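Open the model in your viewer and keep the selection tool ready. We will go stop by stop.

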Amino acid sequence: MKGIILKNERLNDKYRLMEIESPEFAQTAKPGQFVMVKTGLQDYLADPLLRRPFGVVDVRGNTFRLLYMLVGKGTRLMTESPAGSVIEFSSSLGNGFKSVKNQNIALAAGGVGIAPLLWIAKLLKDDGCRVTLYFGGRNQEDIILADEFRPHIDKLIITTDDGSIGEKALVTAPFEKDAAGFDRVYACGPKRMLQAVSEICVKGGVPVDVSLDERMACGMGACLGCIIYVREGEETVQKRCCVEGPVFDGSKVVWESVCR
Ligand SMILES: Cc1cc2nc3c(=O)[nH]c(=O)nc-3n(C[C@H](O)[C@H](O)[C@H](O)COP(=O)(O)OP(=O)(O)OC[C@H]3O[C@@H](n4cnc5c(N)ncnc54)[C@H](O)[C@@H]3O)c2cc1C
Ligand code: FES
């Protein structure tokens, strides 16, 4: 698919928010899905060859948004793609988050893991849920989009490693204190954080859905480059993060296969 970049906004030195017009994509995407992106500055003979995966932040009318952190070549080329230029992307991929009604929900985000949680927060709130967001980062720079969440959540708890905003702690510290009171948890962020959140949830008997950012090549189930292991009954089975995920039951993930 192709779309027009309407905005490519610099949030700070580390993060950008891109808005793309594509009626076709906007009509089909679901919360928690992702998209493989290739900028007009990449060609088939040059590095980087592969498309890069990004969670869909939300859909508004004919547009969708991506939040991206500057990491390497692919994301640098995204920063160099101006408003008005054309960008290529896959259809919406992966299983996404399932919404529930009238429950007490926690969202747990680490850094750019906030990206796929805004849309599901909106749906949960609309469906009568009470929503608490636990949002952790290294410092203030990582606490992005928090204001956009405020209308869709009941409570916001921020933590940073250096205490520059919110409590000086890992996000799992305040979360652990409250965890047993939630009906369900949705989490996205660094793998070790997702492992810790899942372990806390298992201890408290709370269902937990985690969105995993495995490195991906094809994004469509063909290359088997994104395999992780999950437990199914007595068995340990392989799953492709791009097709069967990126959202998995955190209590079933074999974390040693993810946190390598
Ligand atoms: C399903 C999914 C959803 C994602 N959603 C988002 C999102 O919403 N916003 C966002 O900013 N990023 C997201 N990511 C991560 C994003 O895809 C990578 O940051 C991006 O591909 C980096 O591309 P690059 O060319 O700039 O860096 P590269 O040059 O490819 O990599 C630079 C460095 O980053 C490391 N790296 C690259 N990709 C990953 C990764 N997936 N996990 C861990 N380390 C990595 C590499 O090992 C390397 O050291 C997501 C990943 C997945 C799989
Ligand atoms: S990225 Fe190729 S199978 Fe998942």
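## Stop 1: the ligand and its shell

Select β4 (52–55), β6 (63–69) and α2 (73–79): each of them supplies at least two residues of the shell around ligand 1. Keep in mind that this is a predicted model.

Which of these elements gives the largest share of the shell? It is β4, with four residues.

Now show everything that surrounds ligand 1. You should find 19 residues. The closest are Arg-52, Pro-53, Gly-74, Thr-75 and Glu-214. Colour the shell by residue type. Ten residues are nonpolar, four are polar and five are charged.

Next, switch on a surface for the protein. The space taken by ligand 1 is the largest pocket.

## Stop 2: backbone atoms at the ligand

Show the backbone around ligand 1 and pick three residues in turn.

- Pro-53: a polar backbone atom here is 2.6 Å from an oxygen atom of ligand 1.
- Gly-55: a backbone N or O atom lies 3.0 Å from a nitrogen atom of ligand 1.
- Gly-72: a backbone N or O atom lies 2.8 Å from an oxygen atom of ligand 1.

How much of ligand 1 does the protein bury? Taken alone, ligand 1 exposes 900 Å², and the protein buries 76% of that.

## Stop 3: Lys-239

Leave the ligand and select strand β15, residues 235–240. Lys-239 lies in this strand. Show its side chain, then add Glu-232. The two side chains make a polar contact at 2.8 Å.

Which other residues does Lys-239 touch, leaving aside its neighbours within four places in sequence? Besides Glu-232, the contacts are Cys-226, Ile-227, Ile-228, Val-230, Glu-244 and Phe-248. Select them together to see the surroundings of Lys-239.

## Stop 4: a cis peptide bond

Move on to the loop between β15 and β16 (247–249), where Pro-246 lies. Zoom in on the bond that leads from Gly-245 to Pro-246. Is this peptide bond cis or trans? It is cis, with omega near 10 degrees. Most peptide bonds are trans.

## Stop 5: a positive phi

For the last stop, find the loop between β9 (130–137) and α4 (146–149). Select Leu-145, which lies in this loop. Check its phi angle: is it positive or negative? Leu-145 has a positive phi of about 70 degrees, although it is not a glycine. Most residues other than glycine have a negative phi.

Technical notes:
Residues numbered from 1 in each chain as written. Chains lettered and ligands numbered in written order. Predicted model: local features only at pLDDT ≥ 70, side-chain atom pairs only at ≥ 80, totals over all residues. Heavy atoms only, no water. Near = heavy atom within 4 Å. Polar contact = N/O pair within 3.5 Å; in protein donor to acceptor, adjacent residues only side chain to side chain. Areas by Shrake-Rupley, 256 points an atom, 1.4 Å probe, with all protein chains shown as cover. 1 Å grid on protein atoms, 1.4 Å probe; cavity = no way out; pocket = protein on both sides within 12 Å on 5 of 7 lines; lining within 4 Å. Sits in = over half its atoms within 2 Å of the grid points. Nonpolar A, V, L, I, M, F, W, Y, C, P; charged D, E, K, R; others polar. Contact = heavy atoms within 4.5 Å.
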